[in-house]
Amino acid sequence: MQATHPLAGRALLLATLAFAGCFSVWTLYAVMGLDIQQQLALSATEYGILLAAPIFSGALLRIPLGLLADRYNARLLWLGLMFSCIPALALLPLVSSFYGYLTTGLWFGLSGVSFTFGIRYVTDWFASRQQGLAMGLFGVGNAGVAITFILVPIIVAWWGWQWVGPVYAVGLALLLVLFWLLSPPSPKTAGPTARPLTLRQLVRDARVWRFSLYYYFVFGGFLALLLWLPQYYMQAYAMNAQQAMAFTLFFVATSSMVRALGGWFADRYGGRAVNWSVFWVCLVCLFFLSYPPTTLIIHGLEKDVQLEISVNVWWFTALIFVIGVAQGFGRASVYKVIHDYYPKHMGAVGGFVAAIGGLGGCTLPVLFGLAQDALGIVTGCFMILYGVLALCMITMFFANQAAQYQQRLQDARSNNFLLDDDE
């Protein structure tokens, strides 16, 4: 790939700011949903659907819009996307029904596509050796959810819930103008232009599905946890809503900020090696988190001995912190691997992978609830994540074995060809 462009730093900074703002809009219901649930007396199922609405639309549209990003100017598409989300935010104070909030959530959920446009925009500016770090720095925009966790309560305390949507609409409009005026146009890439991929080609590519599975865990799991953790802290450790939000904010902020470091590691040691390490770290942590609080009674010779096995809130937070950091590394390394294989199709492939990862934010909370209802234990959510991770590791193991076999076969054929030439 061409050398890093002189304006690359400016493009990356503005793209990261724009992504952070869009991500904060995308996750707005993560905080607003609690008040909407109380206002409308929503059931648990309705509440889950409400939370999933913006995530669902943003994730699903990453596929077709990712294909467009490889054909048209990603920067201009991004500007149009931000503009289209502003009316939905401005209309939020006028909404008073469940279906109204659902429709509005699906509308401003379009902001979730910003990641796909941003990845396509950013990768054109950097040399191949710096792609991991560049995409990792851009991915720090995931911290936009922390903006929502902090800003929404402040808006509510000062002006009330009805002002959340308008304030976000004004903020997104200012961000749109800033990005439009200051971000440099996409650079002209050297060399022949790659032929855009079709949806049919993407669906038939097993490697794309494999990368999507990895991202389903590292990003979909991250989204699911940021939605589920407040409730988990309140159920398992009897916290109030403010305390639960504070602990969740710690998880979200740390997991988002380390993504840049994960990109640097992926550049230095390889995305595949970082992914494999991330999976092992998460596997160990999830093993302990999946174990439900247990009481063991040992019948001794003279008396019974009772043992209590459980993870207290501080050990739990430490393990969740490690998982968040590992997932941050994983989100960066997955896209480094994608760029290694598909450097000219980051819009299409990156959008497809991001879509499957985003759908994890919709499906995993539902699976968490089903596991908790079926098993009757609060740690069912971590059992689900453990199962998803085990599938990722099995898939990666066999994929690595197949790659090594193909490499040995190719080396053997090359050696035979050289021997034939010598004869």
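Being 4 residues apart in helix 16, Asp 340 and Lys 336 are separated by about one helical turn, and in this predicted model their side chains meet in a salt bridge with an N to O distance of 3.6 Å. Lys 336 also takes part in a salt bridge with Asp 267, for which the N to O distance is 3.3 Å. Because Lys 336 lies in helix 16 (residues 313-341) whereas Asp 267 lies in helix 14 (residues 259-269), this pair ties together parts that are 69 residues apart in sequence. Asp 267, Lys 336 and Asp 340 are thus linked in a network of salt bridges.

The members of this network can also be described by their accessibility. Lys 336 has a relative accessible area of 7% and is therefore counted as buried, the cut-off for that class being under 20%. Asp 267, at 22% relative accessibility, counts as partly exposed, and Asp 340, with a relative accessible area of 43%, is likewise partly exposed.

By the rule applied here, the count of salt bridges comes to 3. One of them joins Asp 124 to Arg 120, with the closest N and O atoms 2.9 Å apart, and both Asp 124 and Arg 120 are buried. With regard to the charges of the protein as a whole, the mean position of the 21 positive charges and that of the 16 negative charges are 13 Å apart.

Two further residues illustrate contacts made beyond the immediate sequence neighbourhood. Ser 212 has its place in helix 12 (residues 206-237) and is buried, its relative accessible area being 0%. When neighbours within four places in sequence are left aside, the residues in contact with Ser 212 are Phe 352, Val 353 and Ile 356. Pro 166, for its part, is found in helix 10 (residues 164-182), where, residues up to four places away in sequence not being counted, Pro 166 touches Leu 89 and Pro 93. Between Pro 166 and Ala 354, which are 188 residues apart along the chain, the separation of the C-alpha atoms is 28 Å.

At the level of the whole fold, the protein contains 18 helices and 2 strands. The C-alpha trace spans about 85 × 70 × 35 Å along its principal axes. For 423 residues, a compact globule would be expected to have a radius of gyration near 22 Å, and the 23 Å found for the protein agrees with that value.

Contacts across the sequence were also considered: among those between residues at least 6 apart in sequence, 83% join residues that are at least 24 apart. The contact between Ser 212 and residues such as Phe 352, together with the salt bridge between Lys 336 and Asp 267, can be read alongside this figure. As for burial, buried residues account for 53% of the 423 residues in the protein. The area that the protein exposes is about 19,400 Å², of which carbon and sulfur atoms supply 67%.

Definitions and conventions
Residues numbered from 1 in each chain as written. Predicted model: local features only at pLDDT ≥ 70, side-chain atom pairs only at ≥ 80, totals over all residues. Heavy atoms only, no water. Rg over C-alpha atoms; globule rule 2.2 N^0.38 Å. Buried < 20%, exposed > 50% of the residue type's maximum accessible area, 1.4 Å probe, protein only. Contact = heavy atoms within 4.5 Å. Areas by Shrake-Rupley, 256 points an atom, 1.4 Å probe, with all protein chains shown as cover. Lys, Arg positive; Asp, Glu negative; His and termini not counted. Charge placed at Lys NZ, Arg CZ, Asp CG, Glu CD. Salt bridge = Lys/Arg side-chain N within 4 Å of Asp/Glu carboxyl O.
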